[in-house]
Amino acid sequence: MLHIKKVNLEDKEKEYAFVSEVPEDENGFINEWLGISEEDFEEKALKVMLAQEKGENLPKGYVPQTIFFLWDEEEIIGQFNVRHYLCESLVEGSGHIGYFIAEKYRGNGYATEGLRLTLQLAKDIIPEDEIYLRVNKDNPASLHVMQKNGGYIHHEDESKYYVRIEKENI
């Protein structure tokens, strides 16, 4: 059964195994922890991830974010980052939610269900009336996931679609 769970210390081994395999930049999803050792993941990355949710020790220009993992039974198959509110760079940038599904699980509806579950949680975190997302134009599968979850293309530029999902429709 699919479920969403916040990053936590109890699942650190599985979280590390997942995060250590995520590419550095996959369709705009940035993994700053690629190549980190398991020890450094526990001592550094997890502490940063947990502090970010509380708004602690944020780099300049960052907002608090909660990191959720998508689980299928006992295995992590995806990651969803929910930024708590928009700052100027997020409005025309990555928006409220960024996500990644492990390659071997793509094409099976996991992203659609993972985003649906994440939106259920995000609507209580995010104060804006719409949830902002961004997707590369060369990633039509992800655009389709957003649209299946009520998203519409708000605007676009040469390389990206900027998608909005109205919270009242979640």
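1. Let me start with the lining of the second largest pocket: by class it has 8 nonpolar and 6 charged residues, and no polar ones. Keep in mind while reading that this is a predicted model.

2. How big is that pocket? The volume of the second largest pocket comes out at about 230 Å³. It is lined by 14 residues, and those closest to its centre are Ala17, Phe18, Glu21, Ile76 and Ala102.

3. Which elements build this lining? Helix H1 (12-19) and strand S5 (75-83) each give at least two residues to the lining of the second largest pocket. H1 has the largest share there, with 3 residues.

4. While we are on H1, have a look at how the helix sits. Glu15, Tyr16, Phe18 and Val19 are its buried residues. They lie on the same side of H1, because the arc they cover around the axis is only 165°. Phe18 therefore turns up twice in this note: it is buried in H1, and it is among the residues closest to the centre of the second largest pocket.

5. What covers the buried residues of H1? The cover includes strand S1 (2-6), helix H2 (38-54), strand S4 (65-72), S5 and strand S6 (97-101). So S5 also appears in two places, as part of that cover and as a supplier of lining for the second largest pocket.

6. Now the largest pocket. The space in it amounts to about 1,100 Å³. Its lining counts 46 residues, with Gly28, Phe29, Ile30, Gly98 and Tyr99 nearest the centre.

7. How does the lining of the largest pocket divide by class? There are 21 nonpolar, 19 polar and 6 charged residues in it. Helix H5 (residues 140-148) provides the largest share of this lining, namely 6 residues.

8. One residue to click on is Ile165, which belongs to strand S9 (residues 160-166). Is Ile165 buried or exposed? With a relative accessibility of 1%, Ile165 counts as buried, since the cut-off for that is under 20%.

9. Who are the partners of Ile165? Setting aside neighbours within four places in sequence, Ile165 is in contact with Leu119, Asp129, Glu130, Ile131, Leu133, Met146, Asn149, Gly150, Gly151 and Ile170. As for Ile153, 12 residues away from Ile165 along the chain, the C-alpha atoms of the two are 9.2 Å apart.

How values were computed: Residues numbered from 1 in each chain as written. Predicted model: local features only at pLDDT ≥ 70, side-chain atom pairs only at ≥ 80, totals over all residues. Heavy atoms only, no water. 1 Å grid on protein atoms, 1.4 Å probe; cavity = no way out; pocket = protein on both sides within 12 Å on 5 of 7 lines; lining within 4 Å. Points joined across faces, edges and corners; volume = space filled by probe spheres on them. Helix = DSSP H or I, 4+ residues; strand = E, 2+ residues; numbered from the N terminus. Nonpolar A, V, L, I, M, F, W, Y, C, P; charged D, E, K, R; others polar. Buried < 20%, exposed > 50% of the residue type's maximum accessible area, 1.4 Å probe, protein only. Contact = heavy atoms within 4.5 Å. Arc of directions from axis to C-beta.
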